[in-house]
Amino acid sequence: MAQRNQDKGVTGGVPVVTEPARIRNVVLVGHSGAGKTTLVEALLAATGTIGRAGTVTDGTTVCDHDPAAVRQQRSVSLACAPLVHDGVKINLLDTPGYADFVGELRAGLRAADAALFVVSAVDGMDAATAALWEECATVGMPRAVAVTRLDHPRADFDEAVALCQRVFGDNVVPLHLTMLGDDGESVVGLLGLVTRRVFDYTAGLPAQVREPDPEHLPAIAESRNELIEGIIAESEDESLMDRYLAGEEIDPQVLVADLEKAVARGHFHPVVPVCAATGVGLDVLLDGLVSAFPSPLEHELPAVTGVDGSPRPPLTCDPDGPLVAEVVRTTVDRHVGRVSLVRVFSGTLRPDRTMHVAGHGLAERGHPDHDADERVGHLHTPLGATLREVPVCVAGDICAITKSGSAETGDTISAKDDPLLMAPWEMPEPLLPVAVAARSRADEDTLSRNLARLVAGDPTLRLERNPETHQLVLWCMGEAHADVVLDRLRGGGVELDTEPVRVALRETLAAPATGHGRHVKQSGGHGQYAVCDIEVEPLPRGAGFEFVDRVVGGAVPHNYVPSVEKGVRAQLERGLVAGYPVVDLRVTLVDGKAHSVDSSDAAFQTAGALALRDAAEKGQPTLLEPVDEVAVRVPDHTVGTVLGDLSGRRGRVLGTEPDPDADGRTVVRAEVPALELLRYAIELRALTSGTGTFRRHFTRHDPMPAHLSAQPRNEHPPTP
């Protein structure tokens, strides 16, 4: 909810910048519970942006303002929290750590120019965080590591660093060591390895910088040598290593300059110990974000085209260039309406101007292609849910616009007279279906409106109105995502229920059969008379339906043959046994009888349907279930477990191959009945500790095993 400044204790001025060089966009990445939101809160308090830091447990943090986040005590959506340090605006993008909200994480990566990986000194990291590191490495995104929760009794900074080096690689090197207090357990300061200075926090922030004590020198010397060698290896000065090996003392200022360049290029990844509770390392971290992380001027921008797909030259981060911005998150506030979080990549966004909003390429997820010209009212800099008005938003900055009528997450904002379209970022496919139904007709309209708002803001949510099962299905990323979606729907005043998801089955006949249909009625005046005989035979899977006329001698008048076919087709749609559509049959009309007065189109339609039903009693009716081909991407060490699980799901493994996009991972391809995949998104995550992903697509229908078809899992077949 948008709020006034004082509602969240906002004390700092509204940060407004006009130069991209004075902006840093940093996304915080890490598993749930690593301390990302708490760290953001501490940084906001340390810079005077807010009066005092809130807590996750109390639900008082700036970033976790969503009611679902407060209830679950974890982030469920992307939040932007800007602050100012040394005259530079840092847009901190706090992302959820739970895998279900990966869409919010990817939006944060799109809006950022660098990533700060937050690793707990207590709990380490999960496999998904390691996979994300590799993803960032692929695109060359600069990264650093903040090791948090140093105040915990079980915190082990050295072990956390060793873990990061094992998982992330050798270029992950600490810039500081932790300094313990007199009790030998609490962290009260940092030992700077490059500067050989002590940052003492015993008196709080800011740190007192002083010379190290004699007992600190051996530890500093040992770790400093490793750090310096790493910095020199990345230096553009090829003579630096020779001078260092010759025993020359390298000027710390030279080392710092080379370090900052290596970090900005994404070649070197510093580790900073930081504790939100005690303030240790907060100022050091802020200094690093400003000096080592790149400005938007140094970040390669996404490709753009015309809205018709015509090529356009690459963008540069130029405030005077063509206007190109992107909506990275959309919410609907009950007071101010639609709120769009926007990253401006080129040009300058100004209030009271008409802009072009374009969204293309997500029609299959319920986002039809759209183009509209809209007037921007006011611009705001967001601080969590708080909106503070600003006069402009230049290239490289992030702002919020309100009351847009059509802007959705992923849309491109450009000039009215030069509409452009940005290449979309990769969105994960939602694979957990949840069927919902309004409790009453009065709730149906409200449900429809609320769903439209949710789908507009969440590209990982797909809405499907299944015409065969007559269900409204929400495709979600997982159980936690589904819980949040349902909470938001109910929070909008909708009374709804969930129900078992039904899979659209089919029917067919497994053996040839004959059918006789006789429809004769006489009730005064014109009666009804039609008789037809058919032969039915199964066709190969996917062949569909064929109707053949083999009547001789005019037993069924030529003008009534289409009526028989129409009646047969209608019965195929209604089903023969379980109420599912019938497929893969050839029906041949071989004989029949007609009456010169009482026969009619309607009578022969009924007779055709009766004949097909008669044949079904003799032709071994069989249920067919949809079969999907799945591609499961998992770490190599979990392949055996996944293969066994697929076999237990009646799957047929087609083969395995190394993942071309990632080392140490395997792609398992298999064909699996769709009934067995309803909760596979959850179960695969459990099997692979959150690292497995899969894609699926329909291939064909196959006969359902007899023991399952006797009690099909579709508890309620579609109403005829």
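Q: How far apart are the mean positions of the positive and negative charges of the protein?
A: They are 7 Å apart. That covers 67 positive and 103 negative charges. Bear in mind that this is a predicted model.

Q: What box do the C-alpha atoms fill?
A: Roughly 115 × 60 × 50 Å, taken along the principal axes.

Q: And how many helices and strands are there?
A: The protein has 16 helices and 36 strands.

Q: What share of the residues is buried?
A: Buried residues are 53% of the 720 in the protein.

Q: What about the accessible surface, and how much of it belongs to carbon and sulfur?
A: The surface comes to about 30900 Å². Carbon and sulfur atoms hold 49% of that.

Q: What fraction of the contacts with a separation of 6 or more joins residues 24 or more positions apart?
A: That fraction is 73%.

Q: Switching to cysteines. How many disulfides does a search of the whole structure find?
A: Zero. Take cysteine 80, which is in no disulfide. The nearest cysteine sulfur to it belongs to cysteine 63, 8.3 Å away.

Q: Is cysteine 80 buried or exposed?
A: Buried, because its relative accessible area is 3% and the cut-off for buried is under 20%.

Q: Why is there no bond between cysteine 393 and cysteine 399?
A: Their sulfurs are 3.5 Å apart, so they are too far for a bond. A disulfide needs the two sulfur atoms within 2.5 Å. Cysteine 399 has the closest cysteine sulfur to that of cysteine 393.

Q: Is cysteine 393 buried or exposed?
A: Cysteine 393 counts as buried, at 1% relative accessibility.

Q: Now aspartate 601. Where is it found?
A: In helix H13, which covers residues 601–616. Aspartate 601 is the residue that carries the number at the start of that range.

Q: How accessible is aspartate 601?
A: It counts as partly exposed, because its relative accessibility is 38%. That value falls between the 20% and 50% cut-offs.

Q: Which side chains make polar contacts with the side chain of aspartate 601?
A: The side chain of serine 563 does, at 2.4 Å. The side chain of glutamine 605 does too, at 2.7 Å.

Q: Which residues does aspartate 601 contact, leaving aside neighbours within four places in sequence?
A: Tyr560 and Ser563. So Ser563 is a contact, and its side chain is also a polar partner.

Q: How far is aspartate 601 from arginine 106?
A: Their C-alpha atoms are separated by 59 Å. Along the chain the two are 495 residues apart.

Q: Next, helix H15. Which of its residues are buried?
A: Tyr680, Ala681, Ile682 and Leu684. The helix runs over residues 680–687.

Q: What covers those buried residues of H15?
A: The cover includes strands E24 (432–438), E33 (621–635) and E36 (693–703). Helices H11 (479–491) and H14 (639–648) are also part of it.

Q: What phi does serine 689 take, just after H15?
A: A positive one, about 55°.

Q: Last one, serine 346. Where is its place?
A: In strand E14, residues 337–346. Serine 346 is buried, with a relative accessible area of 1%.

Q: What lies 2.6 Å from a polar atom of its side chain?
A: The backbone oxygen of proline 322.

Q: Which residues does serine 346 touch, not counting those up to four places away?
A: Among them are Leu315, Thr316, Asp318, Gly321 and Pro322. Leu323, Val324 and Ala395 are touched as well.

Notes:
Residues numbered from 1 in each chain as written. Predicted model: local features only at pLDDT ≥ 70, side-chain atom pairs only at ≥ 80, totals over all residues. Heavy atoms only, no water. Helix = DSSP H or I, 4+ residues; strand = E, 2+ residues; numbered from the N terminus. Buried < 20%, exposed > 50% of the residue type's maximum accessible area, 1.4 Å probe, protein only. Contact = heavy atoms within 4.5 Å. Polar contact = N/O pair within 3.5 Å; in protein donor to acceptor, adjacent residues only side chain to side chain. Areas by Shrake-Rupley, 256 points an atom, 1.4 Å probe, with all protein chains shown as cover. Lys, Arg positive; Asp, Glu negative; His and termini not counted. Charge placed at Lys NZ, Arg CZ, Asp CG, Glu CD.
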